[in-house]
Structure formats: structure tokens, C-alpha cells
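Visitor: Could you take me slowly through one part of this protein, explaining the terms as you go?

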Amino acid sequence: MGGIPAPFDAYRDVVRPEWIDDNGHMNMGYYVVVFDLATDEWMRFVGLDRAHRRAREVTTFCLEAHVTYHQEVRERDPLRFTTRLLDFDAKRIHYIHEMYHGDAGYLAATNELMSLHVSRETRRGAPMAPEILERLDRIRAAHEQLPRPPQVGRVMGLGARPTTR
């Protein structure tokens with residue numbers, strides 16, 4: 001789709017020394033931190049950048065977030081993030097980040113999110129501006145061509161228990 005990368009692939013980072021835990025890999029809490037930095041880049045791409053938020057007195061809040069961990073990353077490992085729009089409506093954006101090792105290329109983790117567009121004045125959900133909804137519609141058209149990541153909508157649990165008598 002003209003001008004819309006599918007998936008969005010712009011954010012890069014490096015595993016910082018302060019993110020390392022006693023196991024010698026990135027601590028689970030810092031996955032959320034670096035995914036949040038990737039979200040900032042994603043929101044800029046969508047059009048919900050700082051200038052838009054200030055001019056319209058709006059922001060976004062995270063309603064729900066799921067992280068899956070696939071393979072560890074260690075200090076100074078390069079990170080590459082892709083983001084796919086899964087869906088949206090007038091007030092919500094559903095998307096998933098995939099974190100890859102920047103050199104080896106393996107999937108390290110995913111972060112599925114539901115964000116709510118919020119009025120700063122009321123602190124309640126508010127409809128996004130028409131130009132943002134139009135942009136999201138163009139992004140969705142490009143991203144719906146991609147295969148759906150298997151991590152989307154995962155439910156945590158142990159599965160069915162065997163019955164014993």
C-alpha cells in the first residue's frame with residue numbers, strides 16, 4: 001500500500017546495562033519499558049505525536065498489555081521492533097509489537113496492546129480526530145494483508161487438567 005510500511009519497522013534500541021538482571025539477560029520489567037519506547041515511535045507514525053496531543057488536549061492510555069517472551073536478549077544486544085495494527089475504532093487502537101534481535105534476527109518477545117484515546121480534560125475516552133482515523137484506516141488496509149501473529153489474543157493457562165478417579 002503506497003507509503004505505508006507493512007509492518008511498521010522503524011524503532012531500534014540496544015539492551016542497556018541497567019536492564020540486565022542476575023540471570024545475565026534483560027529483566028522482564030525492561031521489556032515493558034522498551035516496548036513503551038517502541039509505542040512512542042508507533043504513535044508518532046500514526047499521527048498521535050506530541051504536537052497533536054498538545055494541540056488537541058488528548059493523550060492515550062494503555063487499557064491492556066500482554067507480553068510473550070520467546071528468546072533471551074543480553075547486554076548490548078541490538079533490538080529491532082516491528083508493529084502491526086490489528087484493529088481500531090473511534091477511541092481504541094489494537095496493535096502488536098514484535099521485538100527481534102537486531103543481528104541474529106530471532107523473535108525475542110511480543111507485546112500486544114489496546115490503547116484508549118483520552119481527553120486530558122475529562123480523563124475519559126474520546127474519539128480520535130478524523131485525520132487520525134483516516135490514517136489508521138490506510139494503515140489497517142496495508143497491515144491486514146500480513147499474516148496474523150500467533151501471539152495475538154493468547155490466553156494464559158495450563159490447559160485442560162487430566163481427570164483422575
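In what order do the five strands of the open sheet come, and is their pairing parallel or antiparallel?

Guide: What you see is a predicted model, in which local features need pLDDT of at least 70 and side-chain atom pairs count only at pLDDT 80 or more, while totals for chains, interfaces and linings use all residues. Residues are numbered from 1 along each chain as its sequence is written, and side-chain values use heavy atoms, with hydrogens and water left out.

The five strands follow the order 1-3-4-5-2, and the pairing is antiparallel. (Strands are DSSP runs of E with at least two residues, helices are runs of H or I with at least four, and both are numbered from the N terminus; two strands pair if DSSP finds at least two bridges between them.) At the edges stand strand 1 (12-14) and strand 2 (58-69), each of which pairs on one side only. On average, neighbouring strands of this sheet are turned by 30° against each other, with direction ignored. Further in, strand 3 (residues 78-88) is joined to strand 4 (residues 92-101) by nine bridges, and F88 stands opposite I93 in strand 4.

Across this sheet lies helix 1 (residues 28-46), which meets strand 1, strand 2, strand 3, strand 4 and strand 5 (107-119) and runs at about 120° to strand 4. (Such angles run from 0 to 180 degrees between N-to-C directions, along lines fitted to C-alpha atoms, for helices over the stretch in contact; contact means heavy atoms within 4.5 Å.) Helix 3 (residues 130-143) also packs on the sheet, where it touches strand 3 and strand 4, and its direction makes about 110° with that of strand 3.

Looking closely at helix 1, we find 19 residues that reach 27 Å from the first C-alpha to the last, close to the 27 Å expected at 1.5 Å a residue, the expected span being 1.5 Å times one less than the number of residues. Its buried residues include Y31, V34, F35, A38 and W42, where buried means under 20% relative accessible area, exposed over 50%, and partly exposed in between, with a 1.4 Å probe and protein chains only. An α-helix has 3.6 residues a turn, so residues three or four places apart point the same way. The buried residues of helix 1 pack against all five strands, namely strand 1, strand 2, strand 3, strand 4 and strand 5, and against helix 3.

The N-terminal end of helix 1 is capped by N27, and just after the helix, G47 takes a positive phi of about 115°.

Notes
A polar contact is a pair of N or O atoms within 3.5 Å; within protein, one must be able to donate a hydrogen and the other to accept it, and residues adjacent in sequence count only if both atoms are side-chain atoms.
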